[in-house]
Amino acid sequence: MERYASSTSLPDLPENCITHILSLTTPRDVCRSSAVSSSFLSAASSDYVWERMLPPDIHQLLSRVSRPIPFSSKKELFFGLCSSPLIIDFDRKSFSLDRSSGKKCFMLSARELTIIWSDHEQYWRWINLPESRFPEVAELLNVCWLDISGKISVADLSPSTRYAAYFVFKHTNSSYGLDLSPAKLSIRVNDSPQVLSEHEAFIHPENAVARSRRSRRGAAGFRWRATESPPRSALCPRKGYGEWMEVEVGEFFTDDEGGEADFSLMQTAGQWKSGMLLEGLEIRPKY
């Protein structure tokens, strides 16, 4: 008796089956699958699939936007949130999605951060910049003690995700004092006295690499205070989005404990400094 084997290829499955399969993958996989066949192309555009790519609390997040945003499909909403961050919470935060994973990204504006002496006009001032996503950024006028911190509820972020935080800034043409010594950056979770992540980084791109190299060699000609030791591996800022620079504060993982993540930047060496434009603190997934 002959036995006949029959098989069904994936593109031949009913479209509702393909739709369900795609809804269990990632945004990147959905986009790639659309090239497989016309059935996959149709399934990859369905609201059912892209509803699953959006955060479960998307409607609550959209309610925090000052102006409603138009969209004709869940796919359009998803990619709109990837390319154009929404300004939420009375212009103090922005929200967007990571294109490849759909994980949530936030930026805390400078107004949402705690900046020591920012309420004194001789030290800081608040200005509008067309290239910023927020109505105001903080301009450093003159301080000898730079102390900036911010926090976010872990519950606002995507669960079971490794995140990194970055201070976003740039400098004026007349900046000074910011390249003389590195800043200390740290992360704490749930007000724990134990530091989750801590390192040193320069917050001025000019001479940062040279100074970092000299500090590692212990080169003559760069004077450190008697109570200080040269940083062994101070990081340097890198180009962020648009005209902005960014420096990484550190990494943390979102688990079921919740609570808050606290981020800090301190440069407390005695020299005076000026000429930094601070846009905010960005928290986004890191792979």
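This report walks through a sheet, the nonpolar cores, one strand residue and a loop with unusual backbone angles.

Keep in mind that the model is predicted.

**The sheet**

Let's start with the open sheet, which has 5 strands in the order β4-β7-β13-β9-β10 and antiparallel pairing. The edges belong to β4 (114-115) and β10 (197-201); each has a single partner strand, so one side of each lacks a neighbour in the sheet. For β10, the link to residues 183-189, strand β9, is antiparallel and runs over 5 bridges. If you want a spot to click on in that pairing, try Leu185, which sits opposite His199 of β10.

**The cores**

The largest nonpolar core holds 56 residues. Which of them touch the most other members? That would be Leu146, Ile148, Phe167, Phe263 and Ile283. There is also a second, separate core of 7 residues, with Met107, Phe134, Val168 and Leu277 among them.

Back to Leu146 for a moment. Leaving aside residues up to four places away in sequence, Leu146 touches Trp124, Leu140, Leu178, Ile203, Leu265, Met266, Gln267, Lys273 and Met276. So the list of contacts includes Gln267 and Lys273 alongside residues such as Trp124 and Leu178.

**Thr172**

Thr172 lies in strand β8, which covers residues 162-176. What does Thr172 touch, once residues up to four places away in sequence are set aside? Its contacts are Glu139, Gly275 and Leu277. Leu277 has already come up as a member of the second core. Thr172 also pairs up nicely with Ser274 as a distance check: 102 residues separate the two in sequence, while their C-alpha atoms are 8.7 Å apart in space.

**The β1-β2 loop**

Now for the backbone angles. Most residues other than glycine have a negative phi. Asp89 goes the other way, with a positive phi near 55 degrees, and Phe90 has a positive phi too, near 60 degrees. Asp89 is in the loop between β1 (86-88) and β2 (93-97), and Phe90 is found in the loop between β1 and β2 as well.

| Residue | Phi | Relative accessibility |
|---|---|---|
| Asp89 | near 55 degrees | 18% |
| Phe90 | near 60 degrees | 80% |

Are these two residues buried or exposed? Asp89 has a relative accessible area of 18%, and the cut-off for buried is under 20%, so Asp89 counts as buried. Phe90, at 80%, is over the 50% cut-off and therefore counts as exposed.

Conventions
Residues numbered from 1 in each chain as written. Predicted model: local features only at pLDDT ≥ 70, side-chain atom pairs only at ≥ 80, totals over all residues. Heavy atoms only, no water. Pairing = 2+ DSSP bridges. Helix = DSSP H or I, 4+ residues; strand = E, 2+ residues; numbered from the N terminus. Core = buried A, V, L, I, M, F, W, Y, C linked by side-chain atoms within 4.5 Å. Buried < 20%, exposed > 50% of the residue type's maximum accessible area, 1.4 Å probe, protein only. Contact = heavy atoms within 4.5 Å.
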